Amino acid sequence: MKFLPLSAIAVVALPSLTPANAFFAPPTSSAFITTQPSSSHQSTHDAFRVSSSLLKASTTPLHDESLSPGITAIDTSLPSLSPLFSSLRSLPFFRLYSCDMLASCEYIPQELFECYTESCEIYPIDDDEVPMDLKSNDFNEHEFELDGWARWDMPSDDYYDTLQFPEDYTGYDGSEVWGFIHNRIGFHEEEALVRDEYDADSWKADFNKAVSGLHAMVSAQVVRGMIEKLQDTGELDPESYQWTDPVEEYERRLGANGETPEAVENMYFTMMLLLSGVRAARDRLLQDCDSGSIGDAEACETLRSILTHPLMDDPNIDAASRRLKDHALRDTNNLWEARMRTRDLMRIMNCVQCNKCRFHGKISTLGLSTALQLTLGRQGMGGDVAKIHRVELAALVTTMGKFASGIELCYEMQAL
C-alpha cells in the first residue's frame, strides 16, 4: 500500500460535520502504547447527550453536544495557527527537559526488557548545549507540594532534547501500562461511572475523558509514525514492528467502529483543557518573554502571535474546563483524589520500557497535569500561575502541539 506524504493530502471540509483542533508537535509519532479499553458505556448515554453532529476528524456522533462550538472554533483557527507552532520547537525553553530515564517502575512487576528497535533509545545532550540560565532556573524550582498536582523528576545534569529525539514509531507495545492507567488510575467505582465513564455528571468522568483524550493523541501519533516510516522505507518489518498497517490501526484505535468510538471527541476535550491552561498562563509566558527567559525577540514574537490569537479568547473553548470546574466545585472535599491520580499518571511513565516513549510520555502527562492544576487548583477555583515551574509551562505548550498534530492526523486519515 502506498501513502501520499501527509502534507499532500487535501483535507476536505464537509459542511454537515463538526470540526477539530491543533498545535505543534514533532513530525513523527510516539509509539508509546496500544489501544484503549472498549467503551462499553456507549449504548447507555442519555439521549439528550447524543448529538447528530459529527466530528470532522471522525464519523462518530458527538456525545457531549456542549463541546461542538469549541471544536468548531479550534478547527477554524487551525490553518492560521499551525505555521506558528512548528517554529517554537527549536526553542530550548520548550524542547529541553531534565528527565530521569533510569527510575524504576513502582506499579507493576516487570522483567528486564529491551525495546524492539534502536529508535527506542535516547541520550542526554552535551552540557554546553543547555543554557545555564535554564538549568539554573530548573534547579531553583525543584521544590513541589507533597499533595500537589505534579511531581516532576528532580533536575540533574542530564537533559534530553525533543528536537534531537522527536516522537517516533518504535514498535513498542505499552498495552500493559495503558491497561493500568485506564483500569486503576481512572475512576470506575461509582454506579454513574459504570454506566458512562466519560460523560457522567462528575469530575471523575471528566478526568477519565481527559486521560482517554491523552491516549487518543498517542494513538494518532503512532499512526502518523507508521505512515512516515512507510514513506521512508517502503515497508515495516513485522519482526520489529507489531503493527504494520496504519489504516487498520487508525480504524482500530480511533475509528467510529473501533475499540473506543469516543476517542477523537475525548482528544478534543483534552485539547480544550490545554488551551484553557495556556490562556491562564498567558501573562506569565509573556513576562518570561519580556525577561528573555524564552528566547530572542523573533522567538517571542511567534509565541505572542499564538497567545494573542483570537482562539485564546474565544469563550467556546472553555466548554471542557467549565464542565470540569462545575463538577469539581460540587465535590471539593474529594479533589485530593484527582491530584493523587494525576501524580500516579505521571509516575507510571517509569513503567514504559521504551526510553523515547517514556520521555515523551512524561512530557505529555506533565502538560495535562499543569492544565488540570491551572483549571482547578486545590479547591476547584483555579491554580496560582505564579507557582508554575518552567518545566510545567514548557510541557503545557509542548503537549498542545502533540494534540494538534494528533487531530490533524485524524483529518488526513478521514480524507484518504
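Reader: What makes the side chains of Asp290 and Arg304 a salt bridge?

Author: A salt bridge needs a side-chain nitrogen of Lys or Arg within 4 Å of a carboxyl oxygen of Asp or Glu. Here the N to O distance is 2.4 Å, so Asp290 and Arg304 qualify. This is a predicted model, where local features need pLDDT of at least 70 and side-chain atom pairs count only at pLDDT 80 or more. Side-chain values use heavy atoms, without hydrogens and water.

Reader: Why is Asp290 called exposed?

Author: Exposed means over 50% relative accessible area, buried under 20%, and partly exposed in between (1.4 Å probe, protein chains only). Asp290 has 60%, so Asp290 is exposed. Its partner Arg304 has 25%, so Arg304 counts as partly exposed.

Reader: How do you know that Asp206 and Arg323 form a salt bridge?

Author: Their side chains meet at 2.5 Å, N to O. That is within 4 Å, so the pair fits the definition.

Reader: Are Asp206 and Arg323 buried or exposed?

Author: Asp206 has a relative accessible area of 1%, so Asp206 is buried. Arg323 has 9%, so Arg323 counts as buried too. Both residues belong to a network of salt bridges that includes Lys209 and Glu262.

Reader: Why is helix α12 called roughly antiparallel to α13?

Author: The angle between α12 (residues 335-347) and α13 (residues 355-376) is about 165°. Angles over 145 degrees count as roughly antiparallel, so α12 earns the name.

Reader: Which residues of α12 make the contact?

Author: Thr342, Leu345 and Met346 do, where contact means heavy atoms within 4.5 Å.

Terms used: Residues are numbered from 1 along each chain as its sequence is written. Axes are lines fitted to C-alpha atoms, for helices over the stretch in contact, and angles run from 0 to 180 degrees between N-to-C directions. Helices (H or I, at least four residues) and strands (E, at least two) are DSSP runs, numbered from the N terminus. Angles under 35 degrees count as roughly parallel, over 145 as roughly antiparallel, 65 to 115 as roughly perpendicular and the rest as oblique.
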